[in-house]
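Work through the exercises below with the sequence and the 3D structure in view. Each task is followed by a solution in steps.

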Amino acid sequence: MKLVYVFDAYCGWSHGFSGTLSEVASRHPELPVEVVSGGLFTGSRRVPIREFGYVQGANAKIAELTGAEFGAGYEQLIADGSFVMDSEAAARGVAALRQAAPDRAAQLATALQHAFYVDGLSLSDPATYRTVAEAAGLDAEAVIAAFTAPGTRAAADADFRRAAELGVTGFPTLLAVDGDSVTPLAYGHATADEVDVRLAAVAA
């Protein structure tokens with residue numbers, strides 16, 4: 001059995017779930033975690049953040065419910081409303097980081113969300129991946145090369161297809177996958193204890 005974490009790096013609720021994901025992963029080192037990008041802001045949804053009027057209110061609720069931090073850098077980045085969240089670029093970044101350290105995919109996904117939601121770094125900017133890679137002790141040049149490589153776009157598209165095939169319609173979603181059996185463990189928000197109860201039921 002493994003855990004499959006379907007998220008979007010530009011999803012505030014996924015950012016809020018980072019603490020739970022980290023805790024679940026640390027409690028269950030025997031379970032590999034596959035990280036899949038969901039593709040929240042693609043196609044016609046790639047528009048300036050001001051088009052999503054609910055963002056600030058949603059972030060306040062996320063912070064209240066999960067304790068997630070929304071930093072000054074992030075507030076500054078989105079202040080004039082012109083910033084465009086491009087989930088394809090973020091998914092390419094996730095794929096590049098995942099390629100560099102497959103067994104640390106969950107940790108790197110969390111680091112990427114911190115870079116955006118706390119530090120206010122764009123996930124479309126190669127320099128962001130240099131920052132994240134260096135902090136994680138990875139080969140930053142290799143990660144940046146992967147981010148801009150044509151094959152990484154295919155990896156992003158493959159992630160979006162995988163999310164759809166798993167029946168995921170919202171982010172974050174945490175699944176237990178055992179062969180053909182797929183069991184939802186968390187959707188949107190859950191504590192590590194709640195996930196553990198559901199995991200125990202799956203394993204029983």
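The exercises that follow concern a predicted model.

**Exercise 1. Strand pairing**

Task: Determine which strands pair with β1, and in what sense.

Solution:
- Step 1. Start with β1 (residues 2-7) and β2, which run parallel and are joined by 5 bridges.
- Step 2. Turn to β3 (173-178). β1 and β3 also pair over 5 bridges, here in the antiparallel sense.
- Step 3. Check single residues. Val6 has Val36 as its bridge partner in β2, and Thr173 as its bridge partner in β3. Tyr5 has Val35 as its partner in β2.
- Step 4. Add the helix. β1, helix α1 (residues 12-27) and β2 together make a β-α-β unit, and the unit is right-handed.

**Exercise 2. Cover of the strands**

Task: Decide whether strand β2 is largely enclosed or open, and give the reason.

Solution:
- Step 1. Count the buried residues of β2 (residues 33-37): 4 of the 5 are buried.
- Step 2. Draw the conclusion: because 4 of its 5 residues are buried, β2 is largely enclosed by the rest of the structure.
- Step 3. Apply the count to β1. Here 5 of 6 residues are buried, and β1 is mostly covered.

**Exercise 3. Two residues and their exposure**

Task: Classify Tyr10 and Gln107 as buried, partly exposed or exposed.

Solution:
- Step 1. Locate the residues. Tyr10 is in the loop between β1 and α1, while Gln107 is in helix α5.
- Step 2. Take Tyr10. Its relative accessible area is 2%, and buried means under 20%. Therefore Tyr10 is buried.
- Step 3. Take Gln107. Its relative accessible area is 46%, and exposed would mean over 50%. Gln107 is therefore partly exposed.
- Step 4. Add distances between C-alpha atoms. Tyr10 and Leu40 are 30 residues apart along the chain, with 7.5 Å between their C-alpha atoms. For Gln107 and Gly12, 95 residues apart along the chain, the separation is 17 Å.

**Exercise 4. Aromatic rings**

Task: State how many aromatic pairs the whole structure holds, and describe the pair of Phe70 and Tyr117.

Solution:
- Step 1. A search of the whole structure gives 12 aromatic pairs.
- Step 2. For Phe70 and Tyr117, the ring centres are 5.3 Å apart and the planes are at 85°. Planes over 60 degrees apart count as edge-to-face, so this pair is edge-to-face.
- Step 3. Place the two rings. Phe70 is in the loop between α2 (55-66) and α3 (72-78), and Tyr117 is in helix α5 (residues 105-117). With their positions 47 residues apart, the pair links distant parts of the chain.
- Step 4. Look up the exposure: both Phe70 and Tyr117 are buried.
- Step 5. Follow the ring pairs outward. They link Phe70 and Tyr117 with Tyr10, Tyr74, Phe83 and Phe116 into a cluster.
- Step 6. Note a ring with a charge over it. The charged end of Arg92 sits over the ring of Phe147, 4.7 Å from the ring centre.

**Exercise 5. Cavity and pocket**

Task: Find the volume and the lining of the largest cavity, then those of the largest pocket.

Solution:
- Step 1. Count the cavities: there is 1 of 30 Å³ or more. The largest cavity has a volume of about 30 Å³.
- Step 2. List its lining: Val35, Val94, Leu97, Arg98, Ala105, Leu108 and Ala109. The elements that give two or more residues to this lining are α4 (87-100) and α5.
- Step 3. Go to the largest pocket, which holds about 230 Å³ of space. Its lining has 18 residues, and those nearest the centre are Cys11, Gly12, Leu40, Phe41 and Tyr54.
- Step 4. Assign the lining of the largest pocket to elements. α1 and α2 each supply at least two residues, and α2 gives the largest share, 4 residues.

**Exercise 6. A peptide bond**

Task: Find which two residues a cis peptide bond joins, and where the proline is.

Solution:
- Step 1. The cis bond joins Phe171 and Pro172, with omega about -5°.
- Step 2. Pro172 is in the loop between α8 (150-165) and β3.

Technical notes. Residues are numbered from 1 along each chain as its sequence is written. This is a predicted model: local features need pLDDT of at least 70, side-chain atom pairs count only at pLDDT 80 or more; totals for chains, interfaces and linings use all residues. Side-chain values use heavy atoms; hydrogens and water are left out. Rings of Phe, Tyr and Trp (its six-membered ring) pair if their centres lie within 6.5 Å; planes under 30 degrees apart count as stacked, over 60 as edge-to-face and the rest as tilted. Buried means under 20% relative accessible area, exposed over 50%, partly exposed in between (1.4 Å probe, protein chains only). A charge sits over a ring if NZ of Lys or CZ of Arg is within 6 Å of the ring centre and within 35 degrees of the ring normal. Two strands pair if DSSP finds at least two bridges between them. A crossover is right-handed if, with the strands pointing away from the viewer, the path from the first strand over the helix to the second runs clockwise. On a 1 Å grid over the protein atoms alone, a cavity is a set of points where a 1.4 Å probe fits but cannot get out, and a pocket is an open set with protein on both sides within 12 Å along at least five of seven lines; lining residues have an atom within 4 Å of a point. Grid points are joined across faces, edges and corners, and a volume is the space filled by probe spheres set on the points.
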